[in-house]
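Hi,

Here is the structure I said I would pass on. Have a look at it first, and then read my notes below.

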Amino acid sequence: MNPRFPIYLETYNPQAQKKAFDLFSDAIRGDSIFNGSLFAFDGYSTQGVRAIDEKSTAFAFRDQNVLTAPLISYMPDGPELDEKVAKLGNQLRQILHEGTGREHIPAYVNYANGDEGPEQWYGSESWRQSKLQSLKKKYDPNGMFSFYGPIA
């Protein structure tokens, strides 16, 4: 299994990152069942993204500069272990979220763990959700691309 626990960030927060990484390194150290895990921090070029007016698009997270996604890798061994993984992943994400001061946790849909929802995947503005739904109906009327995190 390889669940991820993504969160978009506006900026790096060294204090929150250190706190999260300390927890992560303790969890994967030595002969831990999670010792094949990774913790990615991806920074992207944003000039082109920022050139587009955020109110003209269905994509909600144009102001985010960093995508972080701890990936907890392990061999399945029942619901207790799955719960332990979920607890660790959500703790890591929560530490980073607290470092942002934001209300919502924006999560990259392709890395989503599944305990998020459309507001976290696609933005909390109702107009944006409506725009995304109409684009979905226009370009994917048969739901061919609705496997993961489908747009309702």
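**The sheet, and what sits around it**

Strand β1 (residues 7–9) runs antiparallel to β3, and the two are joined over three bridges. One thing to keep in mind as you read: this is a predicted model.

Within the β1 pairing, Ile7 is placed opposite Thr68 of β3. On the β2 side, the strand covering residues 38–43 also pairs with β3 in the antiparallel sense, this time over six bridges. Thr68 turns up again there, as the bridge partner of Phe41.

How much of β3 is covered? Six of the six residues in this strand (residues 66–71) are buried. That goes for both faces: Val66, Thr68 and Pro70 are buried on one side, and Leu67, Ala69 and Leu71 are buried on the other.

**Helix α3**

Helix α3 takes in residues 79–98, and I checked its length against the usual rise. With 20 residues at 1.5 Å a residue, the expected span is 28 Å, and the end C-alpha atoms are indeed 28 Å apart, so the two agree.

Which residues of α3 are buried? They are Leu81, Val85, Leu88, Gly89, Leu92, Arg93, Ile95, Leu96 and His97. The cover over these buried residues includes β1, α1, β2 and β3.

Arg93 deserves a second look. Besides being on that buried list, Arg93 is linked with Asp115 and Glu116 in a network of salt bridges.

**Aromatic rings**

There are nine aromatic pairs in the structure. One of them is Phe39 with Phe41, a stacked pair with 5.0 Å from centre to centre and 15° between the planes. Phe39 has a relative accessible area of 15%, so it counts as buried. Phe41 comes out at 27%, and therefore as partly exposed.

Trp121 and Tyr122 make another pair, this one edge-to-face, with centres 6.1 Å apart and planes at 75°. Are these two buried or exposed? Trp121 is buried at 14% relative accessibility, and Tyr122 is buried too, at 12%.

There is also a ring cluster to look at: Tyr8, Phe59, Phe61, Tyr108 and Tyr111 are linked by ring pairs. Tyr111 has a charged neighbour as well, since Arg4 lies over the face of its ring, 4.0 Å from the ring centre.

**Salt bridges**

As a reminder, side chains of opposite charge can pair when their charged atoms come close. The count here comes to six salt bridges.

What sets the spacing of Asp22 and Lys18? These residues are four apart in helix α1, which means that about one helical turn separates them. Their side chains meet in a salt bridge, at 2.8 Å from N to O. Asp22 is partly exposed, with 33% relative accessible area.

Asp26 and Arg29 form another salt bridge, at 2.7 Å from N to O. Asp26 is exposed at 52% relative accessibility, and Arg29 is exposed at 52% as well.

Glu125 and Arg128 have a different setting. Their side chains meet at 3.1 Å, N to O. Glu125 is partly exposed at 28%, whereas Arg128 is buried, with a relative accessibility of 1%.

**The start of α1**

Last, a word on Pro14. This residue belongs to helix α1, which takes in residues 14–28. Is Pro14 buried or exposed? With 54% relative accessibility, Pro14 counts as exposed, because the cut-off for that class is over 50%. Pro14 and Phe39 are 25 residues apart in sequence, and their C-alpha atoms are 14 Å apart in space.

**Where I would point the viewer**

If you have only a few minutes, begin at Thr68, which faces Ile7 in the β1 pairing and is the bridge partner of Phe41. From Phe41 you can go to the stacked ring of Phe39. After that, try Arg93, a buried residue of α3 that is also part of the salt-bridge network with Asp115 and Glu116. Then finish at Tyr111, where the ring cluster and the Arg4 side chain over the ring face can be viewed together.

Cheers

Definitions and conventions. Residues are numbered from 1 along each chain as its sequence is written. This is a predicted model: local features need pLDDT of at least 70, side-chain atom pairs count only at pLDDT 80 or more; totals for chains, interfaces and linings use all residues. Side-chain values use heavy atoms; hydrogens and water are left out. Rings of Phe, Tyr and Trp (its six-membered ring) pair if their centres lie within 6.5 Å; planes under 30 degrees apart count as stacked, over 60 as edge-to-face and the rest as tilted. Buried means under 20% relative accessible area, exposed over 50%, partly exposed in between (1.4 Å probe, protein chains only). A charge sits over a ring if NZ of Lys or CZ of Arg is within 6 Å of the ring centre and within 35 degrees of the ring normal. Two strands pair if DSSP finds at least two bridges between them. A salt bridge is a side-chain nitrogen of Lys or Arg within 4 Å of a carboxyl oxygen of Asp or Glu. The expected span of a helix is 1.5 Å times one less than its number of residues. Contact means heavy atoms within 4.5 Å.
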